[in-house]
Amino acid sequence: MRKISIQFGTNNNHSVNGYFTCINLSNSHHNVQQRITKSNLKEIFAQVNLLDLLYPALSLIDSLNILLANYHFKWIELILSIKEEKCKSSLEYVYLGGILTCCGITRPIGIKQRNINFLSANLTKLISLAIEGINSLNFVDLNSVGLSFDSFSAGILFHELFGHLSEGDVKDIRESFIPALKRNFNVYDVPFYPNQQEKLSNLLCK
């Protein structure tokens, strides 16, 4: 079985760079990694019998600099992950995203799908939601029963709450602020829109 990754990305200099990675899970000596251009894609997709991905992929690659300029991305990339097993290939996922620096926002943002359809449009919707959120910021009432966070903010919160403890940055839990919280944390996802929101429910201890 082989895992194939096709990656194209660009940053502030607007030059688009491409990389092809092929990992042979049965024989690591056959692994390949090389730089590619758009002109290589037809041959690559033909080899894995996925030529139907060629023109959608080329269109997305062409849109990278447009997205970069419109939303002031510090870096934006397109990744196609392909699995080849028993001479059959399938698209595992496709990702479009990067580091957004727009309207006072500096944060990673991206869309990961199992198909290539509407990828750019879905990323644009997600960016609009992020901008809408930053324009309607309110102070969080920590005494509320439920708190809603986007996935990026939820990740930061739990890294600060528990990540540093698990990494041994705080050797004695009594020296952290965890005991003072006097709360149990019940965390669950609410799939409103892909990657849009994570739900954090704080349940007071009885």
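**Notes on strand E4 and its neighbours**

1. Let's start with one residue pair: Ile-76 has Gly-98 in E5 as its bridge partner. Keep in mind that this is a predicted model. The pair belongs to an antiparallel arrangement, with 11 bridges between E4 and strand E5 (residues 88-102).

2. Strand E1 (residues 2-11) also pairs with E4, again antiparallel, through 10 bridges. Here you can look for Lys-3, which sits opposite Lys-83 of E4.

3. How covered is E4? Mostly: this strand spans residues 75-85, and eight of its 11 residues are buried. For the protein chain, the buried share is 34% of 206 residues.

4. Have a look at the turn, too. Two residues separate the strands in the E4 and E5 hairpin, and Lys-86 has a positive phi there, near 55°.

5. Now the cysteines. Cys-87 comes out at 74% relative accessibility, so it counts as exposed, the cut-off being over 50%. Cys-102 is buried because its value, 7%, falls under the 20% limit. As for disulfides, searching the whole structure turns up zero.

6. Zooming out, the protein chain contains nine strands and five helices. Read from the N terminus, the order is β-β-β-α-α-β-β-β-α-β-α-α-β-β.

7. Two chain-level numbers to finish. Among contacts in the protein chain with a separation of 6 or more, 49% are between residues 24 or more positions apart. The accessible surface of the protein chain is about 12,900 Å², with 54% of that belonging to carbon and sulfur atoms.

Technical notes: Residues numbered from 1 in each chain as written. Predicted model: local features only at pLDDT ≥ 70, side-chain atom pairs only at ≥ 80, totals over all residues. Heavy atoms only, no water. Buried < 20%, exposed > 50% of the residue type's maximum accessible area, 1.4 Å probe, protein only. Helix = DSSP H or I, 4+ residues; strand = E, 2+ residues; numbered from the N terminus. Pairing = 2+ DSSP bridges. Disulfide = S-S within 2.5 Å. Contact = heavy atoms within 4.5 Å. Areas by Shrake-Rupley, 256 points an atom, 1.4 Å probe, with all protein chains shown as cover.
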